[in-house]
Amino acid sequence: MNSADIRKSNKDMFKGKEEHLKVSRLALVMSLIPLLNQLAVLFKMNYMMSHILGAINVICILGGFILSVLCIRNHENRNMMNFVSLVISGFFLLVTAVIIIMAIIFTITHK
């Protein structure tokens, strides 16, 4: 696949401005779901429910980041909503990566 094909596939990813706007809104909502889940942590939950919310957080962070990147790659339809969702998702992705790295280091060093 050459670079012309890649550019063409990026342009044809979203058929119209309305579809691009829907995907942008979905990316922003997926970026904000981890914040809402943090509010749910304030209430007493059982062990299983907290693990389910953790899995939902990871899925939403990855999904929001991927959708934000796809929306920003389309030069004609960039907007502020895309950048905000990319920053929020990127921040949560960075925090998640640091937590995973620290857990691995802690596990390796404390045997």
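**Entry 1. Helix 2 and helix 3**

I began with the pair formed by helix 2, residues 17–41, and helix 3 in this predicted model. Their axes come within 8 Å and cross at roughly 150°. Helix 2 is therefore roughly antiparallel to helix 3, because angles over 145 degrees count as roughly antiparallel. I also looked up the hand of the crossing of helix 2 and helix 3, and it is left-handed.

**Entry 2. Helix 3 and helix 4**

I turned next to helix 3 and helix 4, the latter covering residues 80–109. Here the two helices pack at an angle of about 140°, and their axes are 8 Å apart. This makes helix 3 oblique to helix 4, since an angle has to be over 145 degrees to count as roughly antiparallel. I recorded the crossing of helix 3 and helix 4 as left-handed.

**Entry 3. The protein as a whole**

I then listed the secondary structure and found four helices and zero strands. Read from the N terminus, the order of the elements is α-α-α-α. The protein has 111 residues, of which 24% are buried.

**Entry 4. Leu53**

I asked whether Leu53 is buried or exposed. Leu53 belongs to helix 3, and its relative accessible area is 12%. Leu53 is therefore buried, as the cut-off for buried is under 20%. I also looked up the separation of Leu53 from Gln38, which stands 15 residues away along the chain. The C-alpha atoms of Leu53 and Gln38 are separated by 9.1 Å.

**Entry 5. Leu35**

I looked up Leu35 in helix 2. Its relative accessibility is 42%, so Leu35 counts as partly exposed; that class lies between the 20% cut-off for buried and the 50% cut-off for exposed. I noted that Leu35 and Ile88 are 53 residues apart in sequence. In space, the C-alpha atoms of Leu35 and Ile88 are 9.8 Å apart.

**Entry 6. The nonpolar patch**

My last subject was the surface. Which residues make the nonpolar surface patch? I found Val41, Met45, Met48, Met49, Ile52 and Ile56, and the patch they make has an area of about 520 Å². I asked next which helix gives the most to the nonpolar patch. It is helix 3, residues 47–73, with four residues.

I chose Met49 for a closer look, and its place is in helix 3. Met49 has 38% relative accessibility and so counts as partly exposed. This value suits a patch residue, because patches are made of residues with over 30% relative accessible area. I set this beside Leu53, which lies in helix 3 but is buried at 12%.

Definitions and conventions: Residues are numbered from 1 along each chain as its sequence is written. This is a predicted model: local features need pLDDT of at least 70, side-chain atom pairs count only at pLDDT 80 or more; totals for chains, interfaces and linings use all residues. Side-chain values use heavy atoms; hydrogens and water are left out. Patches are made of residues with over 30% relative accessible area and no salt bridge: like charges are joined within 9 Å, nonpolar side chains (Val, Leu, Ile, Met, Phe, Trp, Tyr) within 5 Å. Accessible areas come from the Shrake-Rupley method with a 1.4 Å probe; for residues, only the protein chains shown count as cover. A salt bridge is a side-chain nitrogen of Lys or Arg within 4 Å of a carboxyl oxygen of Asp or Glu. Buried means under 20% relative accessible area, exposed over 50%, partly exposed in between (1.4 Å probe, protein chains only). Axes are lines fitted to C-alpha atoms, for helices over the stretch in contact, and angles run from 0 to 180 degrees between N-to-C directions. Angles under 35 degrees count as roughly parallel, over 145 as roughly antiparallel, 65 to 115 as roughly perpendicular and the rest as oblique. A crossing is left-handed if the near helix is turned anticlockwise from the far one by less than a right angle, and right-handed if clockwise.
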